[in-house]
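Biologist: I've got the structure open in front of me. Could you pick a single part and walk me through it closely?

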Amino acid sequence: MAHVVVLGGGLGGVSAAYEVRQALRKEHKVTVVSKNSFFQFTPSNPWVAVKWRTKKAITVELEPVLKRHGIDFICNPAAKLLPEENRIVLEDGADVSYDYLIIATGPELAFDEIEGLGPHGGYTQSVCDVDHAVSASETWDKFCADPGPIVCGAVQGASCYGPAYEFALIMDTDLRKRKIRDKVPMTFVTAEPYVGHLGLGGVGDTKGLLESGLRERHIRWICNAKVAKVEDGTMHVVEHNDDGSVKKEHELPFKYSMMLPAFRGIGAVRDIEGLVNPRGFIVVDKHQRNPKYPNVFGVGVCIAIAPLEATAVPVGVPKTGYMIESMVTATALNIGEIIAGQQPTHEASWNAICLADFGDTGIAFVALPQNPPRNVNWSSSGRWVHLAKIAFEKYFLRKVRKGSTEPYYEKVVLQLLDIGKLKEKVLG
């Protein structure tokens with residue numbers, strides 16, 4: 001009997017648990033280890049931050065749903081991974097041994113790398129975590145009672161830009177509904193070399209669509225920006241030229257700010273030679289497997305992907321939802337092959353489908369694969385994106401509750417669109 005442990009209970013972790021359970025015979029054991037007792041649908045956090053959703057509406061308690069599908073659950077943060085010993089030491093001193101490990105922890109949020117950043121002792125809000133979003137919503141109510149300038153965006157080294165654009169435009173929509181938008185100057189600050197770069201060199205016309213969206217809503221922007229420090233009510237930003245030289249220094253006043261931080265690997269895996277890169281992200285090969293520890297796999301935001309191009313200010317590469325699901329499918333099938341005594345053969349397609357909601361409209365893009373050069377490079381906008389994201393939220397939460405990895409109708413639709421989770425095997 002093999003024991004497969006999934007470290008992390010987010011999108012990648014829960015999907016991996018379900019798919020591994022489906023791929024293996026019943027005598028094999030699957031366990032999820034997570035710091036949280038619940039799954040959170042992270043794409044809905046910007047809605048939580050303006051009280052369009054509650055925490056309860058976008059979370060699912062994990063133990064009962066996993067138990068129904070024959071998956072064990074441990075709610076206990078990992079303190080240290082010991083890959084030479086095939087075990088994880090937990091915060092309470094207990095440990096979990098494994099035959100195969102899938103690391104799907106997501107990132108640690110590096111607020112401490114910039115003075116004054118973040119909700120914990122800092123002056124900016126976050127939508128990276130549902131509890132952060134709840135805290136941001138409480139601050140939002142106070143702000144709307146006494147409005148003023150807003151600064152929103154993503155700092156240097158960030159690798160997730162979509163939620164920053166979403167939240168800036170969702171705030172604009174909510175302020176217009178409250179009829180106080182005229183009292184709120186807004187500035188978007190980003191490490192990207194241009195609006196709509198997204199850490200991906202853009203997808204389709206995301207540059208034009210997002211610039212137009214910001215311009216139409218009177219949101220000014222600063223690109224190639226480094227946040228030097230944040231004080232109470234003032235953000236110090238250094239704007240750079242494309243060659244890296246300083247263009248201008250800004251002191252931006254704000255009464256409300258949400259800035260996405262840089263990411264790094266969690267403390268339990270950082271500094272393990274051969275497992276992680278200098279930022280603590282898991283190094284994987286084309287089969288999602290670590291080269292030094294071949295019984296350890298990585299999926300999702302926690303894996304290492306090199307920046308796509310040199311930029312004046314450090315910009316990370318995002319890992320979008322469908323891309324993560326493709327990693328999960330490849331990993332589950334590869335572990336099944338290895339347990340059966342075969343070599344792993346499956347490679348994730350890293351195809352990306354993204355819906356960015358702006359509160360009453362939005363932008364969608366399809367990148368096949370996510371990182372250029374691409375076979376498909378498409379983007380579009382409209383109210384349909386807002387409605388599609390609402391539908392997708394309900395659909396994905398239902399998948400988590402039901403334990404369904406890919407319902408038949410989802411598979412059919414994606415086949416019709418020629419969007420797959422796995423690279424096609426080349427015969428010859």
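Modeller: Let's begin with Trp384, bearing in mind that this is a predicted model. Trp384 counts as partly exposed because its relative accessibility is 41%, and partly exposed covers what falls between the buried limit of under 20% and the exposed limit of over 50%. You'll find Trp384 in helix α8, which covers residues 383–402. Together with Val376 and Trp378, Trp384 makes a nonpolar surface patch of about 280 Å².

Now for the sheet, which deserves a slower look. It's an open one with three strands in the order β6-β7-β8, paired antiparallel. The edges are β6 (78–82) and β8 (95–97), each pairing on one side only, and from one strand to the next the twist averages 20 degrees.

Take β7, residues 87–90, with its three bridges to antiparallel β8. Arg87 has Ser97 of β8 as its bridge partner, and Ile88 sits opposite Val96, also in β8. Towards β6 there are four bridges, again antiparallel, and here Val89 of β7 faces Lys80.

The side chains of β7 alternate: Ile88 and Leu90 point to one face and are buried, whereas Arg87 and Val89 point to the other and are not.

Last, the turns. The hairpin of β6 and β7 has four residues between the strands, and Asn86 there takes a positive phi near 55 degrees. In the hairpin of β7 and β8, also with four residues between the strands, Gly93 has a positive phi near 95 degrees.

Technical notes:
Residues numbered from 1 in each chain as written. Predicted model: local features only at pLDDT ≥ 70, side-chain atom pairs only at ≥ 80, totals over all residues. Heavy atoms only, no water. Pairing = 2+ DSSP bridges. Helix = DSSP H or I, 4+ residues; strand = E, 2+ residues; numbered from the N terminus. Axes fitted to C-alpha atoms, helices over the stretch in contact; angles between N-to-C directions. Patch = residues over 30% accessible without salt bridge, like charges linked within 9 Å, V, L, I, M, F, W, Y side chains within 5 Å. Areas by Shrake-Rupley, 256 points an atom, 1.4 Å probe, with all protein chains shown as cover. Salt bridge = Lys/Arg side-chain N within 4 Å of Asp/Glu carboxyl O. Buried < 20%, exposed > 50% of the residue type's maximum accessible area, 1.4 Å probe, protein only.
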